[in-house]
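Open your viewer, keep the sequence panel in sight, and come along for a walk through the model. At each stop you will get something to select and a note on what is there.

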Amino acid sequence: MEQLAQQLFNALQWGSYYALIALGYSMVYSILMLFNFAHGDVFMVATYIGYFVAVGLLGLASLSLLPLSNVAVFVLTLILTMFLASFVGIGVELVAYRPLRDAPRASAAITGLMVGIFMETAVLAALGASRKDFPLLIPPITFTIGPVHVTNLKLLTLAMAFGLMFLLHLFISRTKIGMAMRAMSFDYAVVPLMGIPMNTIIVFTFALGSALAGAAGILFGMAYPVLDPYMGVLIGWKAFVAAILGGRGSIFGAVVGGFLLGFIEILVAATLPSTMRDLIAYSIVLLILTFRPYGLFGEEYSARLRL
Amino acid sequence: MGTQTALSRVAIPWRRWVHPVAAWFRQHFGDTPLGSWLLGAAVATLLERLFGATIAYYLGLGSVPAIFGLSIVLKTPALIPSVLVFVLLMYLLPTLLVAKFTTPLFLRWEERLSTRVYVLLHVLFLFLILYFWSQVDPYRLLVLRLLGINILLTLSLNLVNGWMGEFSVSVAGFMSVGAYVSSVFMVWGFVNDDVFGPAFFPESLAPLAFPLSLVLAGAVTAVSALAVAIPSFRTRGDYLAIITLAYLFIVKSTFENLDFIGGPRGFMNQPEVASFTVVFVWVVLGIWVMHNFVTSTLGKATNAVRDNESAAEMMTVDTRRVKVVAFLTHAFWSGVAGGLYAHVIGYINPSSFDLRKSAEILGMLYLGGLNSVSGSILGPVLFMFLSEILRPFQLAKWLVIPVILIYAMVRRPRGLMGFQELRVPFLVRRRQAQEEARAHAVAGD
């Protein structure tokens, strides 16, 4: 029981990563009806950006050029990384998706995959195979609540994830751009007729999704401080599965799917040998999709889907 | 469109060199049929097999340049003259001479032989070319066999992604099932192995049993593909893509957990039975079967399911049957390709069949073009060609290939041969085809 409660926090932590990344998949999907297969690598690049920003800021702080406390460094790193990561996402949009707006969706999937491979190789070529250690921005404190030990990092991850999701919700429901995004996901064809600059909205969507991936990257880097260029592949694809599990294009679904996948994985790993984790986790995903073929919160397949 | 016409109007300096050469070529080789070219190339590769090493030595190349010297040229530009002389002497000259002198012979055959026999003759020449070419260098042998396997994979994937319009990424998973099944069968039956004990049958029987093991591998893969085919009744598009993705992960994880076949360490000791000839025969067989499948009623039905499932259902297409057949055929041939792969490489482990492998095959498929048998041959050929001439550059290879693929997708979003087909009977009988076209033009069709 104690162990279960302990694992609950692990599940929430991993669920936060998956959910934050899955949001990027889902938002792009709800507008363009295609999955941004480079998103996992955007997450990877964002984590590296976070690493360099954090190291740079810590360097400046230690040279006493900038009077920054550790918490201030963390906040600045987060903001700067989210800002810079959004440009990575915009770059992917411009290179891989905009030229193929009217092409078959599968072609865009291929360009997305290729941009992803390009980014992995570019990071590998630029930084070498040596693994980078993410700096410790916040000194770890372990809280003990009854029998359960929780680090401040886990709580921070959880709080940040929910905070960002709330901000995203506000953005989508309260701002003009958010309204345009909702309109585009409702009817892609009519929106340009209403004078809404379609490409601007798409760029915003990619930027938002990538900024969330950037936040996930910082949180992930602080918890698992070893970075390598292929880290985005596995986490990215799992977040993709989470997005589908929740229902494609559904933002609420992406969050639920992310946490659900986190729970499934951690609980399988906690109760069965850890090598069985992927096997059981994906079998459960397969089962869920067999009984709910359109995901938990997804709409049924319709002619709207542009193949 | 506009840019293209503008480009063609730009005066390119080398045009004035190209035009006379093209005119000379057209004058002397205008009606040389494909068969003559193939025979010429076969003779050229035979000569290379016999004298290539000597000539390369005297040209200062060390050994025979593996892929027409292209990667040598990219790596050490100082050797360009030697490579040019080698290519001219070894490939161009014999091919041109033989093609010129056998033209009348082939034109006579073109009229006498039936299309089937004539096409078979071309396949035979193609085999001879590739066979001689591959005998020079073990590296060429390996690359050609892998190319054949990739053609099989791309073609079988095209069935689901192209003809049926789904997005399947499980090709590496199907491949791994086939690879493991055929490896286990062959090692258990024909090899003295630490795990599976002494061989049941003498090892000399292994080449005979290899086709059987491939069919078995294909069949087992097809059965396992029911896990993907049955959910496809209710869902399609992205959800099916996820199901195929989950299949890939599940298969990989299963093999990692099966300790008696090595788990994550992998499985080796496969007998050397996948010679070039064997791979070639299977690839030709695969292309033939797939071509017949997609031109059959069932193939048209598959297209109908892609374009509009409900409408297809109303036109009496049994959509469930179509889906099962398409997925199972895809899985069968991917499994066969996996079995071939295991015996070509001689070592398999679960992580050699990961998502990256699927992405590579998808890249070949979409480069070549959906819904096209010839595209599924062209795609892997181009992709492998690129990746092999860039091999000396190691890491940079994976920077260049994505850029080229993205450029290709942007310029031709449907792939190079998407929804088009080279018609083989017309290809091999050019003169006849030309005359027919002329007759049609005169008749005013």
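The tour below goes from chain A to the contact between the chains, and then on through chain B. Keep in mind that this is a predicted model.

**Stop 1: the first helix of chain A**

Select V28(A), which sits in helix α1 of chain A. Is V28(A) buried or exposed? It is buried, because 27 other C-beta atoms lie within 10 Å and 20 are enough for that label. Now show its contacts: setting aside neighbours within four places in sequence, V28(A) is in contact with N36(A), T205(A), F206(A) and G209(A). For a link across the sequence, draw a distance from V28(A) to M181(A): the two are 153 residues apart in sequence, yet their C-alpha atoms are 9.7 Å apart in space.

Move along to M33(A), in the loop between α1 (2-32) and α2 (39-62) of chain A. Check the backbone here: phi of M33(A) is near 60°, a positive value in a residue that is not glycine. Most residues other than glycine have a negative phi. M33(A) is partly exposed, since its count is 19 other C-beta atoms within 10 Å and a buried residue needs 20 or more.

**Stop 2: the nonpolar cores**

Next, select L20(A), I21(A), A22(A), L23(A), A215(A), A216(A) and L340(B) together. These are the residues with the most contacts inside the largest nonpolar core, which has 195 residues. Which helix gives this core its largest share? That is α1(A), with 16 residues.

Zoom in on A215(A). Not counting residues up to four places away in sequence, A215(A) touches L20(A), L78(A), M82(A), M160(A) and L164(A). Then select A41(B), F86(B), M90(B) and W133(B), which are included in a second, separate core of 21 residues.

**Stop 3: a later helix of chain A**

Pick A269(A), in helix α9 (residues 251-271) of chain A. With 20 C-beta neighbours inside 10 Å, A269(A) counts as buried, because the cut-off is 20 or more. Leaving aside neighbours within four places in sequence, A269(A) is in contact with S274(A) and R277(A). Then draw a distance to Q7(A): A269(A) and Q7(A) are 262 residues apart in sequence, and 9.5 Å apart from C-alpha to C-alpha.

**Stop 4: where the chains meet**

Color the two chains separately and look at their contact, which takes 36 residues from chain B and 41 residues from chain A. On the chain B side, the elements that give two or more residues are α11 (238-257), α16 (355-368) and α18 of chain B. Which of them gives the most? Select α11(B), which contributes 12 residues. By class, the chain B side divides into 23 nonpolar, 8 polar and 5 charged residues.

**Stop 5: the domains of chain B**

Now hide chain A and color chain B by domain: domain 1 covers 32-48 + 55-136, and domain 2 covers 139-363. Their C-alpha centres lie 33 Å apart. The contact takes 8 residues from domain 1 of chain B and 7 residues from domain 2 of chain B. On the domain 1 side, those residues are 7 nonpolar, 1 polar and no charged.

**Stop 6: two helices and a loop in chain B**

Select helix α7 (residues 138-163) of chain B. Its 26 residues reach 36 Å from the first C-alpha to the last, close to the 38 Å expected at 1.5 Å a residue. Look along α7(B) for a bend of about 30° at L157(B). After α7(B) comes G165(B), with a positive phi near 70°.

Go on to helix α9 (residues 206-224) of chain B. Its end C-alpha atoms are 26 Å apart, which agrees with the 27 Å that its 19 residues should span at 1.5 Å a residue. Buried residues in α9(B) include F210(B), L214(B), L216(B) and V220(B). Show what covers the buried residues of α9(B), including α8 (171-190), α10 (226-229), α12 (276-295) and α15 (319-345) of chain B.

Finish at F419(B), in the loop between α18 (397-411) and α19 (424-428) of chain B. F419(B) is not a glycine, yet its phi is positive, about 60°. F419(B) counts as exposed, because it has 12 C-beta neighbours inside 10 Å and the exposed class takes 12 or fewer.

Note on methods:
Residues are numbered from 1 along each chain as its sequence is written. Chains are lettered from A and ligands numbered from 1 in the order in which they are written. This is a predicted model: local features need pLDDT of at least 70, side-chain atom pairs count only at pLDDT 80 or more; totals for chains, interfaces and linings use all residues. Helices (H or I, at least four residues) and strands (E, at least two) are DSSP runs, numbered from the N terminus. The expected span of a helix is 1.5 Å times one less than its number of residues. The bend at a residue is the angle between axes fitted to the seven residues ending there and the seven starting there. Domain bounds come from an automatic or database domain assignment. Ala, Val, Leu, Ile, Met, Phe, Trp, Tyr, Cys and Pro count as nonpolar, Asp, Glu, Lys and Arg as charged, and the others, Gly among them, as polar. A nonpolar core is a set of buried Ala, Val, Leu, Ile, Met, Phe, Trp, Tyr and Cys residues joined through C-beta atoms within 7 Å.
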